[in-house]
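Me: I'm new to this one. Could you show it to me and explain why things get the names they do?

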Amino acid sequence: MDKKKKAGLAVLIIIALYVAASIFFQYHYFIGTKVNGYSCAFRSVSKAKELIKKDVKSYKITIKERDKKKESISSSQVKLAFKDDGKLENIKAGQKGYAWITALFQSQNYKDAITLTVDNDAFNDTYKNLNAFNKDMVIAPVDAYSTYDAASNSYSIVPEVYGNTVKRKQFKPILKEAILNMERSIDIEKKDCYKNPVYKKDTAEVVAANKTLNQYVQETITYDFDDRTEEVNAKKLSKWLYETDKHEVKVHSEMVAKYIKNLAKKYDTVGVKRHFKSICGNDVEVSGGTYGWKIDQEAETANLIKVIKQGKSVKRKPEYAHRAKSRKKFDIGNTYVEVSLGEQHMWFYKNGKTLVSTDVVTGDISKGHGTPTGVYYILYKTTDYTLTGQGYASHVDYWLPFIQIGVGIHDSSWRGSYGGGIFTYDGSHGCVNTPRSAVQKIYNNIESTYPVVVHW
């Protein structure tokens with residue numbers, strides 16, 4: 001055979017082969033055809049569907065969880081199914097048989113070319129029953145925080161706990177999409193679907209809070225009550241301090257208020273029962289009156305919180321709503337007026353010495369004007385004063401009131417005698433009637449706020 005005939009025969013063979021291939025690829029996918037990752041080359045549409053359906057039936061997705069835990073979902077659990085919507089036919093229709101040769105030079109990779117479905121009820125039921133949501137296995141995330149150790153008197157940072165709580169609403173559509181795309185595995189961590197602690201042990205706010213807490217418990221606040229003290233130490237402070245969700249250090253105002261309330265209960269003296277020895281030597285017990293100390297609880301609560309936040313040891317006196325002359329346990333001191341109703345006698349004691357000792361006439365008990373007992377204080381003092389009341393107006397040279405209703409010490413020129421039982425039938429309207437010379441001496445040696453003790 002000559003060369004021309006051989007060449008012609010070769011051309012005919014090539015054409016025949018090309019035509020044969022074209023006819024074949026008219027009903028089969030081109031070389032290198034991949035549909036959603038499936039190798040469909042040389043397969044017919046029906047064979048490609050069989051391949052996909054078979055794979056769908058055996059499909060399983062592995063869910064990777066924290067602590068190296070895993071669980072899986074099979075296609076049967078969610079009723080995963082292939083939806084024959086003509087997409088595979090459309091791909092084949094786009095591959096013209098005669099153009100099969102182009103597949104050698106062009107990509108034949110098709111994505112989103114397969115439609116899968118799940119039964120929503122089956123998927124929802126399977127999802128909610130995942131081990132990842134088992135309440136006996138789920139650990140919630142915990143922020144890092146500071147805890148107090150009494151032995152070392154210091155706060156240390158407890159590291160955060162990551163736990164394994166899944167963001168259920170966020171993870172659900174991601175998992176569903178992965179199944180519909182027939183992904184073989186999904187990592188919850190990598191999908192950022194775990195609830196994580198916001199504040200870690202090295203987060204600036206946590207570190208700063210720990211530093212502040214340690215500064216606070218190193219301080220000691222000492223309350224000065226002259227011959228007594230009360231100490232706010234680390235043990236108390238550690239119970240009053242707390243961190244907010246944003247790791248701001250706060251002081252429990254309710255606890256501080258309770259402490260101040262107890263402090264007031266212990267050290268307030270207005271109206272309390274007092275025991276002391278009378279100038280005449282008797283043991284006296286008297287309660288009531290307006291004299292004494294009274295802590296301003298609201299103001300001192302606020303003050304103490306401010307002092308705590310300064311982080312320094314201090315010695316302080318509480319803020320008072322009412323003050324007395326002495327802060328010692330015996331707060332009457334050594335300068336006061338004492339009135340004995342039973343003995344109808346009054347003494348003025350100044351700086352530890354008796355300056356005045358005199359009989360007096362007190363309130364008329366027969367008319368219900370008895371002088372109130374208690375420990376009071378001189379409200380003010382004045383001279384040339386007129387006492388007025390229902391049915392009377394009496395001028396006095398010296399007036400030292402100690403009860404707001406108009407009870408006080410004054411001279412009484414209309415009286416010729418004092419002491420004895422006069423107060424039982426001809427007493428005052430409640431005041432302490434005193435000889436002029438005696439009240440004058442008291443007036444010249446006393447100032448307002450000094451105590452007046454009235455007892456039986």
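Reply: Let's start with a hairpin: β8 and β9 have four residues between them, and there Asn153 takes a positive phi near 50 degrees. This is a predicted model, where local features need pLDDT of at least 70 and side-chain atom pairs count only at pLDDT 80 or more, while totals for chains, interfaces and linings use all residues. Residues are numbered from 1 along each chain as its sequence is written, and side-chain values use heavy atoms, with hydrogens and water left out.

Me: What makes β8 and β9 a pair of strands?

Reply: A strand is a DSSP run of E with at least two residues (a helix is a run of H or I with at least four), numbered from the N terminus. Two strands pair if DSSP finds at least two bridges between them. Here β8 (residues 145-149) and β9 (residues 154-158) are joined by five bridges, so they pass, and they run antiparallel. One facing couple is Tyr145 and Val158 in β9.

Me: Where else does a residue other than glycine have a positive phi?

Reply: Asn36 is one of them, with phi near 50 degrees. Its place is the loop between β1 (34-35) and β2 (38-39). Met182 is another, with phi near 55 degrees, in the loop between α6 and β10 (185-187).

Me: How do you know whether Asn36 is buried, partly exposed or exposed?

Reply: Buried means under 20% relative accessible area, exposed means over 50%, and partly exposed is in between (1.4 Å probe, protein chains only). Asn36 has 32%, so it's partly exposed. Met182 has 10%, so that one is buried.

Me: Which residues carry the "active site" label, and where does the label come from?

Reply: It comes from UniProt, in an unreviewed entry, and sits on His410 and Cys431. Although spread over 22 residues of sequence, they cluster in space, with a largest C-alpha distance of 7.5 Å. Both His410 and Cys431 are in the lining of the largest pocket. A caution: UniProt positions use the numbering here, feature names are shortened, and annotations may be inferred rather than shown by experiment.

Me: What makes something a pocket, and what counts as its lining?

Reply: On a 1 Å grid over the protein atoms alone, a pocket is an open set of points with protein on both sides within 12 Å along at least five of seven lines. A cavity is a set where a 1.4 Å probe fits but cannot get out, and lining residues have an atom within 4 Å of a point.

Me: Why is His410 called buried?

Reply: His410 has 2% relative accessibility, so it falls on the buried side of the cut-off. Cys431 does too, at 8%. His410 lies in strand β26 (residues 407-411), whereas Cys431 is in the loop between β26 and β27 (432-434).

Me: How do you know what Cys431 is in contact with?

Reply: Contact means heavy atoms within 4.5 Å. Leaving out residues up to four places away in sequence, Cys431 touches residues including Thr371, Trp399 and His410. On the same terms, the contacts of His410 include Trp399, Cys431 and Asn433.

Me: What makes β24 and β27 edge strands?

Reply: The order in this open sheet of four strands is β24-β25-β26-β27, with mixed pairing. β24 (382-389) and β27 each have a single partner strand, so each has one side without a neighbour in the sheet. As for β26 and β27, they pair in the parallel sense over three bridges, and Asp411 stands opposite Thr434 in β27.

Me: What lies across that sheet, and at what angle to β25?

Reply: Helix α11 (residues 436-445) does, crossing β24, β25 (392-403), β26 and β27, at about 40 degrees to β25. Axes are lines fitted to C-alpha atoms, for helices over the stretch in contact, and angles run from 0 to 180 degrees between N-to-C directions.

Me: Why is Ser394 called buried?

Reply: Its relative accessible area is 19%, so Ser394 counts as buried under the 20% limit. It belongs to strand β25, and its contacts beyond four places in sequence are Tyr385, Thr386, Leu387 and Trp414.

Me: Which residues of helix α5 are buried, and how do you know they share a side?

Reply: In α5 (residues 120-128) they are Ala122, Phe123, Thr126 and Tyr127. They cover an arc of only 130 degrees around the axis, which puts them on the same side of α5. The arc is that of the directions from the helix axis to the C-beta atoms. Asp121 and Lys128 are exposed on the other side of α5.
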